Amino acid sequence: MYENLRFFKGLEYDLNFEKDILGIYQGSIYLPEVSEGLYETINLFILEECVLFGDPIVNFPTAETSDAATFTFKWEETNKVDSTSIIMYDIDNTGNIPVVKELKTQSFDLFDYSNVAAHTDGVKYLTTQNNTAIQINLALNSIIPGPHVRNLYVYHNASGVETLIAKIEIYGEVVAEDERLKVLLSNFGATLSEGDFMLFKDHDISEMSPDYILLNRKRKELLLELHNIKPFVGTYKAVLNAIDFFGYDKITLKEYWLNIDSSIKNFGKLFAVPVPHSSVRGEAIRKKLVFKLPSNTMKKTSKFSLVYRLNEPNGTFDEWDIPNVTETFDYTPEEVIIKLYGLKSKLQKEYLPLQAKIIDITAEGDYFDQRNLNIWHNQNPIGFFSEGHDVRFKVIPEHRDLFIEDLSMVLKPSLNQNNDAGNYNLFLNLGIGNEDNLTTANRTELKTVISKFYETYHDGELHSYNPNIPIGCPILLDGTDSFDDIWDEALFTWEDAEDPNGSLLITWNDWWKAWVYEIEWVITSKERGYNQTYRGAIDDYLILPLILPYADSYSVEMRTYDLFGHRSHYRMNDVIDIKLKNLELYGIYKWLENQSWDNKKLSWNKSGGYWNSPQDNKTTIEENIATLYLTLDRANYVHLEEDQGVRFSTVRRYMDIYSPNGFSETTGPYQWDASTFRWADSKNISWNFMRVGADLTSSFKINDIQQGDTLVIKHTHPVTGKISTGQHVISNTTPTTVNDVNGWTQIMDELNTSTDSVISKFNFNAIFEDNDDDNINDVFRFILAVGREYSSTYDFSEVSITKVNAASNSNVTGETHVEHFNPTWDDTRVFTDYAEVERSTHITISTDISKFPGSKNAKWTITNITNPEITDIYYNNMWLTYIFKEPGYYSIQLEAEDTYGNKNLVKRNMLKVK
Amino acid sequence: MGLFTNLLGYKVRRRYDFAKSRKDSRLNAGYNYDDNLAGSEFIGRSLSGHIQRNETIQHFLIFVDDILKNLLKATRHLKNYKNYTVKPDDKQTR
């Protein structure tokens with residue numbers, strides 16, 4: 001019966017029990033060695049080999065009859081040593097917690113026979129399967145060392161009949177503590193007490209008693225290893241060997257080092273460094289340290305750390321090529337607390353120096369993440385890309401002083417001032433900051449004009465005197481330097497400049513302008529507030545002609561605007577410094593040399609003066625110090641007595657119908673009552689010098705004349721002495737009365753239109769009187785004939801009227817001949833630097849040889865340097881005429897300004913009055 | 001309960017030790033009284049057969065024989081005790 005039962009030791013192997021001759025299964029089950037006090041268990045599984053649908057299977061043991069059948073398990077007492085330390089047990093789940101419960105016997109109902117389709121030759125053919133097994137739990141626990149044997153018998157019970165089926169011997173050995181080792185260790189001074197069993201890595205912390213198998217082995221190991229530990233207690237070696245001894249071969253011992261280098265940021269921080277030869281991984285870490293130990297920047301702290309692993313890379317990689325790690329289940333959290341803290345205290349107590357402490361237990365793991373380092377190889381063309389441009393410019397003319405110039409002088413070398421069709425007047429009257437209003441053609445012409453002006457600068461004198469004339473400093477702002485690229489500097493070839501169709505994209509014009517389309521000039525003066533901005537096309541504004549009005553320092557900024565939207569600029573501060581030309585002074589005065597012909601130095605031909613006072617005037621005409629047409633002709637600057645005072649005045653003629661010759665003169669500066677000089681002071685002054693005034697032209701009065709009367713004028717040629725006579729017969733009707741203003745005007749006009757060579761030397765002016773002040777002439781007084789020039793050539797030697805009849809009242813009176821009072825070559829001295837004069841000398845000081853254009857608002861200041869009690873004398877006119885009465889040294893200061901208010905000043909100590 | 005039930009437990013051999021020394025071929029191991037002599041043979045050889053006729057005496061001599069053998073094995077035990085490299089009950093020590 002039950003031919004096909006199979007016995008298994010747990011899930012490990014088939015016990016291969018076989019039946020004896022009595023048909024009883026027999027066999028032994030060997031339990032592993034177990035320490036005393038500990039449990040060793042196995043599970044015995046009993047199954048039956050059956051056939052289900054033709055296939056062999058193992059099944060729960062099945063009854064062989066339809067009667068209810070059970071297998072009963074009992075311990076059989078033998079005559080030998082039966083150990084009751086081997087037991088059957090089960091889990092009792094009836095309480096709140098599972099309890100292990102020893103069973104004396106066990107019974108199992110067999111699989112019902114109704115599931116058997118056929119039972120042939122001991123083989124059961126099943127219809128359904130029950131693939132569970134009969135499980136018997138066996139355990140050995142004893143405090144008695146040595147072998148333990150017990151026999152388990154299996155009985156089949158059916159219908160009240162009990163049949164022995166199997167005899168199973170259970171064998172186990174219990175290992176006790178080897179006391180020899182304990183004593184030997186004690187003899188060597190080492191201890192490994194039973195309480196230390198928990199420290200071993202191999203020990204199962206769920207065991208509540210010491211595992212003497214482990215303890216015996218470890219004690220023996222310690223005996224063998226003690227010579228590597230005991231002599232080195234207090235060293236790394238002892239600690240590391242002790243750690244290894246307890247089985248912790250993967251623990252790394254790290255020591256804390258304190259950074260004492262105050263110069264770095266990690267000062268005062270602890271670094272955990274594996275001690276040498278601590279572990280394979282620890283050595284790998286040590287080799288990568290950036291600092292070496294021991295060192296003078298790291299200090300020992302005698303603090304240690306036990307470091308265990310959470311995982312280890314297992315050498316495989318995932319689909320992202322990240323290393324896989326395997327969790328190392330060396331320690332559960334409970335094990336860490338129980339074992340490692342136990343190890344820590346054991347090490348501190350027995351193996352570490354007294355001051356050394358293990359201050360923490362740390363877990364380390366490797367966790368990999370992917371950090372991609374992507375490297376692209378981009379083939380970029382290497383080129384230069386510079387935004388904007390290197391702006392450079394210059395001011396033309398370069399390397400010379402710039403002055404405010406008379407604009408007419410600037411224009412004259414190029415333009416005809418009389419050609420109204422030209423641009424002479426446009427440029428002349430351009431004004432301030434109006435260069436923008438010029439056309440491109442105008443600007444081009446003005447560039448040429450300015451260039452030519454500076455080319456011909458030294459060809460003319462550039463004297464300029466008229467006030468309020470257009471002035472300015474002509475310059476050119478030249479930005480050409482900004483565009484000085486040449487083809488040799490190009491970073492591309494000519495072929496690169498073509499598009500795929502062969503069209504040339506870059507032309508010479510595109511190239512050198514560098515895509516700049518506009519230029520802006522900003523000119524700012526330092527003190528006078530000139531601030532102008534000119535912006536325009538590059539072609540037009542690259543060279544900008546300018547006329548700057550002020551003597552000032554100018555800053556210039558050039559800006560370029562290109563097609564990429566960049567504005568480049570460059571500013572040069574105070575790049576233009578425009579000055580004013582000096583005011584130049586010279587003086588003239590009349591001086592009579594008290595010389596006789598015998599003392600003369602110059603020859604007859606070269607002498608000047610008069611017969612009774614020959615002069616040695618060594619100044620030649622060519623020196624041209626004084627302007628003949630201006631200063632030497634006082635008619636140009638008649639000074640009214642009312643304006644500045646008597647001493648500044650000059651003799652002035654005024655019409656006086658009651659005067660015999662039709663006019664009178666003011667006194668001029670010399671007046672007897674105001675004279676303070678001595679007679680001796682005037683030895684170099686002639687009587688004529690006292691009349692400070694213009695030349696006197698010839699004149700005569702025609703008091704009455706009738707139709708038919710003949711005006712006869714005789715003229716003597718001043719050189720040849722030849723006498724010519726001019727005549728004119730009055731053809732107009734004789735005016736009826738003196739009130740016939742119109743009639744007398746016609747007579748005057750008739751005379752003025754005479755073509756006679758002598759008669760036409762004179763201007764005829766009809767003089768009327770307005771009696772009732774209604775601005776209408778009422779009464780004819782006379783006709784005043786005046787020589788057209790202040791010259792003997794325009795003088796008469798005799799004048800008369802040949803009456804047409806005796807009834808004519810015609811007469812001529814008031815004949816006055818030419819007389820020269822202007823300074824002349826014969827009696828005048830000119831000085832530019834310094835002069836010594838007598839008191840009461842009348843001096844005219846002029847600045848009309850200055851090249852300071854547009855000069856006006858002259859302010860003269862005369863200062864007697866040697867006598868401060870004499871107050872300064874001020875005078876406003878372009879010519880200073882003055883009688884210096886007081887002796888001493890005089891400084892003459894002239895302050896003037898030009899058209900745009902540029903102030904100029906000159907001060908000279910140029911006079912001594914004796 | 002038999003006469004010797006649980007009485008000869010001290011004579012039970014450790015089976016696993018056989019596996020550990022099964023192939024051993026060692027010299028100078030000393031004479032194996034346990035295996036080479038039958039129970040009570042050691043003392044029986046020195047004792048009158050007359051005395052041994054009594055069954056009770058025979059049963060008693062089994063235990064006396066074991067005591068005598070243990071006395072002989074005392075030196076081995078002491079030798080083993082100081083030699084931690086062998087098992088405490090090593091049989092090969094002479």
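Leaving aside neighbours within four places in sequence, which residues is A:D795 in contact with? The legends below begin with that residue and refer throughout to a predicted model.

**View 1. Surroundings of A:D795, a residue in the loop between β41 (779–787) and β42 (798–802) of chain A.** Once its neighbours within four places in sequence are set aside, A:D795 is in contact with A:S698, A:H715, A:F762, A:T816, A:H817 and A:V818. With one of these residues, A:H817, the contact is polar, the two side chains being joined at 3.1 Å. A:D795 is buried and yet has no salt bridge, and the nearest side chain of opposite charge, that of A:K761, is 10 Å away. Because a salt bridge requires a side-chain nitrogen of Lys or Arg within 4 Å of a carboxyl oxygen of Asp or Glu, the pair formed by A:D795 and A:K761, at 10 Å, does not qualify.

**View 2. The largest nonpolar core, with A:L477 among its members.** This core has 81 residues, and those that touch the most other members are A:L477, A:W521, A:I523 and A:I576. Not counting residues up to four places away in sequence, A:L477 touches A:K394, A:V395, A:W521, A:I523, A:L542, A:I543, A:L544, A:L546, A:V556 and A:I576. A second core, separate from the largest and made of 41 residues, includes A:F197, A:L215, A:I243 and A:Y331. In soluble globular proteins, nonpolar side chains tend to be buried together.

**View 3. The interface of chain A and chain B.** The two chains bury about 1,800 Å² between them, and 53% of this area lies on carbon and sulfur atoms. To the contact, chain A gives 27 residues and chain B gives 21 residues. A:V81, A:E173 and A:R180 supply 33% of the area that chain A buries against chain B, which is more than any other three residues. Three salt bridges are found across the interface, together with eleven residue pairs in polar contact. B:R15 and A:E169 meet through their side chains in a salt bridge, with an N to O distance of 2.7 Å. On the side of chain A that touches chain B, the elements that give two or more residues are β15 (146–158), β16 (161–175), α1 (179–188) and α2 (212–229).

**View 4. Backbone geometry at A:P397, A:N468 and A:N857.** A cis peptide bond, with omega near 5°, leads from A:I396 to A:P397, and A:P397 has its place in the loop between β23 (394–396) and β24 (402–403) of chain A. A:N468, although not a glycine, has a positive phi of about 60°, and this residue lies in the loop between α8 (440–455) and β26 (471–478) of chain A. A:N857 is likewise not a glycine and has a positive phi of about 50°, but A:N857 is found in a strand, β47 (residues 856–864) of chain A. A:N857 counts as partly exposed because its relative accessibility is 44%.

**View 5. Chain A as the setting for the close-ups.** Twelve helices and 51 strands are assigned in chain A, and 46% of its 914 residues count as buried. Among the contacts in chain A with a separation of 6 or more, 67% are accounted for by residues 24 or more positions apart.

How values were computed:
Residues are numbered from 1 along each chain as its sequence is written. Chains are lettered from A and ligands numbered from 1 in the order in which they are written. This is a predicted model: local features need pLDDT of at least 70, side-chain atom pairs count only at pLDDT 80 or more; totals for chains, interfaces and linings use all residues. Side-chain values use heavy atoms; hydrogens and water are left out. Helices (H or I, at least four residues) and strands (E, at least two) are DSSP runs, numbered from the N terminus. Buried means under 20% relative accessible area, exposed over 50%, partly exposed in between (1.4 Å probe, protein chains only). Lys and Arg count as positive and Asp and Glu as negative; His and the chain ends are not counted. A polar contact is a pair of N or O atoms within 3.5 Å; within protein, one must be able to donate a hydrogen and the other to accept it, and residues adjacent in sequence count only if both atoms are side-chain atoms. Contact means heavy atoms within 4.5 Å. A nonpolar core is a set of buried Ala, Val, Leu, Ile, Met, Phe, Trp, Tyr and Cys residues joined through side-chain atoms within 4.5 Å. Buried area is the accessible area (1.4 Å probe) that two parts lose on being put together, summed over both.
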